[in-house]
Amino acid sequence: MADIILNVEVRDRTGTGGARDTRRAGKVPGVLYGGSKDPVAIAVKSNEFRKALYTGKLLGHMVTLKYGDESQPVIAKAVDMHPVTDEPWHFDLYRVDADQQIKIEVPVHFINQEASPGLKRGGTLGVMLHTVLVACHADSIPEELVVDLTGLEIGGTVRISDLKLPAKVDAAMDADVVVASITMSRAGVGDAAAEGGEA
């Protein structure tokens, strides 16, 4: 089961006014969706929610929701932040079973830039996708997908089909979609044009 536990309260009032009252009381308003049950308006104490959020293991991970003596696995799929204060403003949780197949966005992390001949020659890494949609069981969500840039030349691309996915994790996107590519930088293009002009 998940490391993070969110102690929630059920909110009586919904809508803008209800959310405002919840925030005034030092809590973050949210909604619990999914399964065969109706959505439920909930709230978590602000300090507890911030602590869970800043672990980096809340969003997109399975966590335990506790309401009184009841507990259930959920996934935090969205957290809205206030544009000025950068405080958590609202969140969405989804009911899941540990062995339930779900689709979720997972962040992409690039490694071994120094081992890419294209980047060494002044190329630029253009990232098309910062996250990739995958299908997996709720208890098998990867922390990240790692892309190894070793050997990638200028003009080289990394597609969904090139990703090394963990066991029991499948891409839920077209195999030909480009995740990233190495292109010649503008400075490199200018140098090449200048060399061509001198010939």
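**Exercises on a predicted model**

This predicted model contains 4 helices and 14 strands.

**Exercise 1.** Determine whether the protein is more spread out than a compact globule or not, using its radius of gyration.

*Solution.* Begin with the radius of gyration of the protein, which is 22 Å. Next, take the value that the globule rule gives for 199 residues, namely 16 Å. The radius of gyration is well over that value, so the protein is more spread out than a compact globule. Finally, set beside this the box that the C-alpha atoms fill along the principal axes, which is roughly 75 × 40 × 25 Å.

**Exercise 2.** Find which residues of helix α2 are buried, and work out how they are placed around the axis.

*Solution.* Start from the cut-off, by which a residue is buried when its relative accessible area is under 20%. In α2, which spans residues 46-53, this applies to S46, F49, A52 and L53. These residues cover an arc of only 130° around the axis, which puts them on the same side of α2. The general background is that an α-helix has 3.6 residues a turn, so residues three or four places apart point the same way. As a last step, look for what covers the buried residues of α2: the cover includes the strands β1 (5-7), β3 (27-33), β4 (40-45), β6 (70-81) and β7 (88-95).

**Exercise 3.** Describe the surface and the charges of the protein.

*Solution.* The accessible surface comes to about 11,500 Å², and 50% of it belongs to carbon and sulfur atoms. Counting the charged side chains then gives 21 positive and 28 negative ones, with the centres of the two sets lying 7 Å apart.

Note on methods:
Residues are numbered from 1 along each chain as its sequence is written. This is a predicted model: local features need pLDDT of at least 70, side-chain atom pairs count only at pLDDT 80 or more; totals for chains, interfaces and linings use all residues. Side-chain values use heavy atoms; hydrogens and water are left out. Helices (H or I, at least four residues) and strands (E, at least two) are DSSP runs, numbered from the N terminus. The radius of gyration is taken over C-alpha atoms; the globule rule is 2.2 Å times the number of residues to the power 0.38. Accessible areas come from the Shrake-Rupley method with a 1.4 Å probe; for residues, only the protein chains shown count as cover. Lys and Arg count as positive and Asp and Glu as negative; His and the chain ends are not counted. The place of a charge is taken as NZ of Lys, CZ of Arg, CG of Asp or CD of Glu. Buried means under 20% relative accessible area, exposed over 50%, partly exposed in between (1.4 Å probe, protein chains only). The arc is that of the directions from the helix axis to the C-beta atoms. Contact means heavy atoms within 4.5 Å.
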